[in-house]
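Hi,

Here is the structure I said I would pass on. Have a look at it first, and then read on for what turned up.

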Amino acid sequence: METAVTGSEESGVAEGPVEEAAEREDGGCEGLWELPVERCVRRAECGRCSRPQKVCLCPFFPVHPLKVSTCLYIIQHPAEESRVLRTVPLLAACLPGDKCKVLIGRRFGEDRYPELAAVCRNSSTLILYPGAEAANLEELALIFPSPSTIIIIDGTWSQAKDIFYKNSLFRLPKQINDLRLCGKQWHYCMPSPPPSPYLVLLVWASLPPAQLEVQLKTSISSQYVIRTQPTNTCLSTLECAAIALAIMEKNDGIQETILRPLQALCSFQLQHGAQIHHSKEHLLKNGLYDKPMPKNKRKLRRMELLVNNVKI
């Protein structure tokens with residue numbers, strides 16, 4: 001005669017060992033919860049550079065802020081503020097407070113930023129942005145009045161482009177138009193581009209003075225090797241500022257002094273496990289780019305230009 005097994009009996013046979021195992025597991029955990037919890041002690045940090053004391057960068061800053069006549073306005077994208085390895089704080093530590101002013105945001109209107117609006121309308125203000133009409137800063141510095149103000153946008157290339165084109169303050173009409181600089185004298189000339197070393201600048205005489213768009217014509221590679229750059233010659237904000245100040249102040253020692261803490265930062269990071277980041281251009285040309293190619297046609301086209309040495 002077969003004996004029927006009820007659901008409850010079948011259930012009891014199946015769940016018994018599981019319940020016992022659960023009880024044993026719970027019993028083991030009860031003791032763990034009673035153990036004392038050790039408090040997490042943060043590493044001692046430097047009050048000046050906010051870095052752990054073992055990798056403090058203060059010895060690499062100048063003893064006294066650099067004496068410069070040029071004033072920098074750093075327009076920083078909010079995303080940069082949260083990055084751990086930033087270069088703007090290193091730059092600010094090398095300069096007097098009134099010569100390096102940092103404004104954080106995406107949109108800068110005249111009502112909310114009257115001081116910035118006044119700076120942008122000043123005839124001695126330059127904005128560092130590699131646009132198609134940007135003049136060579138090194139050539140322009142030969143005749144530009146001193147002291148002057150330089151605006152630098154801090155962010156990724158796409159973030160900087162967004163800030164530049166969506167803020168009319170940074171695209172005010174240029175001050176000079178159809179004039180050629182020959183030595184130190186101004187001469188009217190035809191609007192066609194002159195051969196080097198002459199410089200064409202754009203001006204609208206009927207409009208108030210505004211900042212002039214400039215760029216750095218340099219072939220040096222970035223020393224910010226712990227962060228990936230689009231091309232080999234793309235520079236960090238600190239490097240751009242160092243080169244620009246050295247040009248405007250006519251003092252190469254300024255560039256060396258400002259780059260010293262950046263070199264130390266990269267050295268410390270590499271010693272503690274960081275890897276050297278080659279530029280996207282280098283990775284693509286050498287077949288080392290291990291990420292999927294973008295599906296977006298515009299981004300894909302930009303990568304093709306990098307491989308073919310076309311300026312983007």
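Of the 312 residues in the protein, 37% count as buried. Bear in mind that this is a predicted model. The secondary structure adds up to 10 helices and 9 strands. If you take the contacts with a separation of 6 or more, 71% of them come from residues 24 or more positions apart.

Start with helix α6, which covers residues 157-165. Which of its residues are buried? They are Q159, A160, I163 and F164. These four span an arc of only 130 degrees around the axis, so they sit on the same side of α6. That fits a general point about helices: an α-helix has 3.6 residues a turn, so residues three or four places apart point the same way. As for what lies over the buried residues of α6, the cover includes the strands β1 (71-76), β3 (125-128), β5 (149-154) and β9 (212-215), along with helix α2 (78-81).

Next, have a look at the pair α7 (residues 237-249) and α8 (residues 252-271). Two packed helices are described by the angle between their axes and the distance between the axes. Here the angle is about 165 degrees and the axes are 7 Å apart. Angles over 145 degrees count as roughly antiparallel, so that is how α7 runs relative to α8. Their crossing is right-handed. On the α7 side, the contact is made by L238, E239, A242, I243, L245, A246 and E249. On the α8 side, D252, I254, Q255, I258, L259 and L262 take part. What kinds of residue make up this contact of α7 with α8? The split is 9 nonpolar, 1 polar and 3 charged.

In the loop between these two helices you will find K250. K250 is exposed, because its relative accessible area is 61%. The backbone of K250 is worth a glance too, as its phi is near 55 degrees, a positive value in a residue other than glycine. For context, most residues other than glycine have a negative phi.

Now for the loops. H277 is in the one between α8 and α9 (280-285). Is H277 buried, exposed or partly exposed? It is partly exposed, with a relative accessible area of 36%. Setting aside residues up to four places away in sequence, H277 touches V225, I226, R227 and T228. H277 and Q229 are 48 residues apart in sequence, and their C-alpha atoms are 8.0 Å apart.

One of those partners, R227, belongs to the loop between β9 and α7. Apart from its neighbours within four places in sequence, R227 is in contact with E80, R83, T156 and H277. R227 and L85 are 142 residues apart along the chain, with 8.9 Å between their C-alpha atoms.

Two more loop residues to click on are H64 and A132. H64 is in the loop between α1 (7-33) and β1, and it is exposed, with a relative accessible area of 61%. The C-alpha atoms of H64 and P96 are separated by 8.7 Å, and the two residues are 32 apart along the chain.

A132 is in the loop between β3 and β4 (135-136). How exposed is A132? Its relative accessible area is 88%, so A132 counts as exposed. A132 and Q215 are 83 residues apart in sequence, while C-alpha to C-alpha they are 9.7 Å apart in space.

If you only have a few minutes, go to the buried side of α6 and the α7 and α8 pair, and then to the contact between R227 and H277.

Cheers

How values were computed: Residues numbered from 1 in each chain as written. Predicted model: local features only at pLDDT ≥ 70, side-chain atom pairs only at ≥ 80, totals over all residues. Heavy atoms only, no water. Buried < 20%, exposed > 50% of the residue type's maximum accessible area, 1.4 Å probe, protein only. Arc of directions from axis to C-beta. Contact = heavy atoms within 4.5 Å. Axes fitted to C-alpha atoms, helices over the stretch in contact; angles between N-to-C directions. Parallel < 35°, antiparallel > 145°, perpendicular 65-115°, else oblique. Left-handed = near helix turned anticlockwise from the far one by under 90°. Nonpolar A, V, L, I, M, F, W, Y, C, P; charged D, E, K, R; others polar.
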